[in-house]
Every structure is written in structure tokens, then in C-alpha cells.
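The exercises below are meant to be worked through with the sequence and the 3D view open side by side. Try each task before reading its solution.

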Amino acid sequence: MSIKIENLTHIYSKGSPFEKKALDNVNITIEKGEFIGLIGHTGSGKSTLIQHLNVLLRPETGSIIIDGENIGADKSRLKAIRSKVGLVFQYPEHQLFEMTIFKDVAFGPSNMGISAEETKKRVEDALEIVGISPDIYEKSPFELSGGQKRRVAIAGVLAMKPEVLVLDEPTAGLDPRGRDEILGRIKDMHEKLNLTVILVSHSMEDIARLVDRIFVINHGKIALSGKPAEIFAQIEALEEIGLASTQTAYVAKSLQEAGFMLPDGIYTPEHIVEEILKEVNKC
Amino acid sequence: MLKVTIGQYYHADSFIHKLDARMKLLCTIIFITVLFFVGNFLGYALAALYLAIVIKISKVPPRFLFRGLRAIFFIIIFTTFLNIFFTQVGNVVLEIGFIRITDVGLVNAARMGTRLVMLIIGSSILTLTTTPIQLTDAIEFGLKPFKKIGVPAHEIAMMMTIALRFIPTLVEEMDKIMKAQMARGADFDTGGIIKKARSLVPLLVPLFISSFRRADDLALAMEARCYRGDIGRTRMKQMKLKTRDFQALGFLALFIAFVVALEYLANIWGIW
């Protein structure tokens, strides 16, 4: 299960005065089971990119190959591809519509033409993963809190048993507790279900905690890519794009400049605490 | 990234575009009223000439005007047929079974058809050359006299303005929800009428909910800025009548004078 994006270019309103190049010759390869972070500010092209992954937008120039299959080539495969690549939009709770939580989560699988029994099992599994207890399955999704609604909406995508899960800003607008809850669940899914996860986020802290590899996108192009340690060390490059490194990376840099012997590539709070303790114990 | 054109405003820099929206609205209403008083075909020819001149000045490509006609094509056909088949007075031209077509019927049908076409073209010029917001302001002004009998002119205009403002927002929102449901395997394109109607539920429920949420937020934001209806409210863009507005009115008056004269003469000479 690998994803290969080759020379992908996308232009909105081609040929009109509002023409806008949203993606410009993007090349990305993602291996099965990887946890990928996608960073870029508003209008950088990330949303356009992820909408290509399950053919909500068809590649006009370039191609996307998932598991050896060129997606977007065959219209009859659309549903199969959309269940393989689950896409959770920003504020997914805005898409809830059913009378009960259970029915809403079942919407995806029943669209796929899956039997009622299998659907029931999938719904229960999906709701369990996101931490919604069975005694509220029959409640209206609109009675839930913001964080719960969002988890139900994510379950709605999980119930389709995707192999790749793409999440667009899953923590936007949540309080710290809701954010930790969601991120923890996403981490679980990645580990337990062996999902390939692509996490789109503004928050460097969130990304730093979770991902294996990062792509930074700017003006429709991949500006930086690499392991978190490599990316977060490039403070100047990130700032030039209008982003920033993690707060911890800034602290580490200041400490280094002040003469403390810290190694390079520190970007998480846990790591810096460990290194500082080592330094302190040496004295 | 969606571009939505609201109404059918065609942007151009012309005499007609620059006219005060109130004057345009007034002229359109007068023109339509006059259309229904014109009885003879010379009068219609004159009205057509008047329209042609206005279109020429407005710089709107004529195909935009005919686009409006296409939408009501069936209504025109329908009224024409009604007039042909259900007018029973006058000399019989053709009689097959229970169908009897008379000369008066034919004339009435032609009259009605011409009127409708010109009515649509006339009002299309108004909507093509006036932005929806200007039009709303003009309507508010026009409704003012009726406030005394309890017509909430300002509120109606405000509602229309807000509705217009939110059309693009809702279209964008709908696009987003549609994509989100498509990502869950929803299918909006295939199936019969019932299946298609049912497939709209996952779209309409979230859209309604978000509209209510937006309405709540908007109401709160308006109150927070001390909005309290039109009492003591001033405008950022004051509407002012200029020389050109009176020129336009003068031109219309000239047209009416010609129509009345023709009508009078036609009566004397006995032309339809």
C-alpha cells in the first residue's frame, strides 16, 4: 500500500481571469503504515492536494498511483478508492445529519453496499476506536459536545475501513483536552489498525509529537520534506515560508547559543527535558 | 475558489449602468405599465425601438437579454395558445371539431406574446445593469410610502441584502458538505427521482443546521453593533439623483408621448 504522487499540477478556473495554480508539479511517495505530517498555511494547496487522494478532484496533469492503481483513470472504481482512502475534512462534525449516532456512522459502509451485519460490526468497531460508548449509540449526534461530535464524524470515515486516513486539521477549534483526546485516538488508530495516516495541521506541536515524516507545502510546491528532526532544525527556512518551528526547538536553539552543550535536532518537550537533565547531572 | 454570479448583473460602464437604481426601477415600472395600455402594433414597434435604443446604450450584449427569455419561453407559448384557442368572439378563421380559431383570438395572442417578450426584456435590462444590492436599496426606497400601512420596508430590504450576501457563502458550504459526503460514498448523480431526492438529505440537513448557526451568529453580531432597524439609520452610499437620471426620465416621457399620440391617431384612423 504505497501512494505515489507524480508531477501533480492543479489549476482552478483554468482559462478564466480567476485562474489560480493551486498545485505545481508535486512529487510525493508515501509508504504503507507511515505517519505523515503535511504543513502549510492557508491557501498553500494542502486541501487541494488531499482532495486528489480520493479523487474528489481528478488529476488533470500528473498522476496518483495507489497500490499500483492509477486512481482517477476509471470512474467505476471511485467508490472503492474512496473507501480505501478515508478523508476527514476540517470541522467534520458539520457533515452529521442522521437521527442517531449509529445511523450516521453507518452512512459510509451502507453506501459501499456492505451487508447490514457487517455494517453493524464496523460501526461498533469504529465508535469504539474513537471512544464513544455503546449506551449513547441511539442518541442524536446533535446532542453531543463539540469534541464528541468530531469523534463521531471521524468514526463515520473509519467505518469504511480505509487503509489510508487523511485528516484535515482534526484539532481545529477544540479545547486542549479535546485536542489531546483526538490526537491520542489518531495515534491509536495508526498503531492498532496499521493505517497510513496523513495529518494536515498548522500546529507544529501536534505534528512533532506524532509523525514519522513531514512535507511542508508552500505556493503549491513541496518546499521541505524529511524527518521531523530535520525539518524542525530548519528554523530560518520555516520562518521564510511564514511558518515556525516548535517552541521547544526555539528553546533548544537559545540554550545552545547561550553556551549549553545540547545536541541538535531537539523539537519535543520530552526530549529537551531529557537532554537538560543529562547536562545537569554531568555537573 | 468558487465563483458565483448572483442574479444576472452584467458589468459594463454605460449611461444606463450609472443611472440611479431608483430611477431605473421607476422607469421600468412605467414602461411595463405603458406596454399594457398600448393597443396597436405601431405602438409595439415604437416600444421595440425604445428597447433597442436602451439596449444599445447599456452596452449589454443582446444574447444576455434573450437568455432571460429562454427561461419563460413556455409561459409565452402557453399564454399565446390560451389566447388562440379560448377566444370565441370575432370572425372564425379556422374551425376543426370543437376547436374554433377567430381573428380576434389571433390578434390577442400576438398582442399578449409581444407584451410578455418586451416585459421580460425590459425588466432584464434593469437586472442586468443594476447590482442586486443597488436594486434592494431602490426597492426599500420604493416601499417607503407603504410603511404607514405597516409594510416593513427596511426589514424587507435588509432581509434581501442578507440573503444575497449569503448565497456565495452557502454555495461554498454546500460544496464542502457535498465533498465530505462523497468521501463517505454518497452518490448524488445516479438513480431515479426518489433515490436522487433521498440522496439530498445528507446534504440539506447539515446545510440547514449551518444556516441556522450562521443566522444566530449574524443576529448576535448585528446586535453587538447596535443594529435596531431603520430608526435614525444613515447610509454609507447616499443615493442622489443626477442630471442623467432626469435625462432618462425625459427620454421615457418622450416615448410615452409618442405612444399616446399614436394611440389617439390609431383610434381616429381605425387601426388596431
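What percentage of the 283 residues of chain A count as buried? Of these residues, 43% are buried, where buried stands for 20 or more other C-beta atoms, placed from the backbone, within 10 Å of the residue's own. The model is a predicted one, in which local features need pLDDT of at least 70, side-chain atom pairs count only at pLDDT 80 or more, and totals for chains, interfaces and linings use all residues. Residues are numbered from 1 along each chain as its sequence is written, and chains are lettered from A in the order in which they are written.

**Exercise 1. Describe the overall build of each chain.**

Begin with chain A, whose secondary structure comes to 11 helices and 10 strands; helices (H or I, at least four residues) and strands (E, at least two) are DSSP runs, numbered from the N terminus. Chain A has a radius of gyration of 20 Å, close to the 19 Å of the globule rule for 283 residues, so it is as compact as a globular protein of that length. The radius is taken over C-alpha atoms, and the rule is 2.2 Å times the number of residues to the power 0.38.

Turn next to chain B, which has 11 helices and 2 strands. Its radius of gyration is 24 Å, whereas a compact globule of 272 residues would have one near 19 Å. Along the principal axes, the C-alpha atoms of chain B fill a box of roughly 70 × 55 × 40 Å, and buried residues make up 19% of this chain.

**Exercise 2. Trace the sheet that contains β1 of chain A.**

First write down the order, which is β2-β1-β4-β5 (chain A) in an open sheet of 4 strands with antiparallel pairing; strands pair if DSSP finds at least two bridges between them. The edges are β2 (20-30) and β5 (69-70) of chain A, each of which pairs on one side only.

Then follow β1(A), residues 3-12, which pairs with β2(A) over 7 bridges. At this pairing I3(A) stands opposite I30(A), and Y12(A) stands opposite K20(A). Another 5 bridges join β1(A) to β4(A), where I3(A) stands opposite I66(A).

Finally, find the helix α1 (residues 46-53) of chain A, which packs on the sheet by touching β1, β2 and β4 (61-66), its direction making about 55 degrees with that of β2(A). Here axes are lines fitted to C-alpha atoms, for helices over the stretch in contact, and angles run from 0 to 180 degrees between N-to-C directions.

**Exercise 3. Work out how helix α3 of chain A is covered.**

Start with the count: 9 of the 11 residues of α3(A), which runs over 101-111, are buried. Among them are I101(A), F102(A), D104(A) and N111(A). Next look for the cover, which includes α4 (116-129) and α5 (146-158) of chain A together with α10 of chain B. After the helix comes G113(A), with a positive phi near 80 degrees.

**Exercise 4. Describe the contact between the two chains.**

Count the two sides, which are 18 residues from chain B and 24 residues from chain A, where contact means C-beta atoms, placed from the backbone, within 7 Å. On the side of chain B, the elements giving two or more residues are α8 (153-183) and α10 (201-224), and α8(B) gives the most, with 7 residues.

Definitions and conventions: A residue is buried if 20 or more other C-beta atoms lie within 10 Å of its own, exposed if 12 or fewer, and partly exposed in between; C-beta atoms are placed from the backbone.
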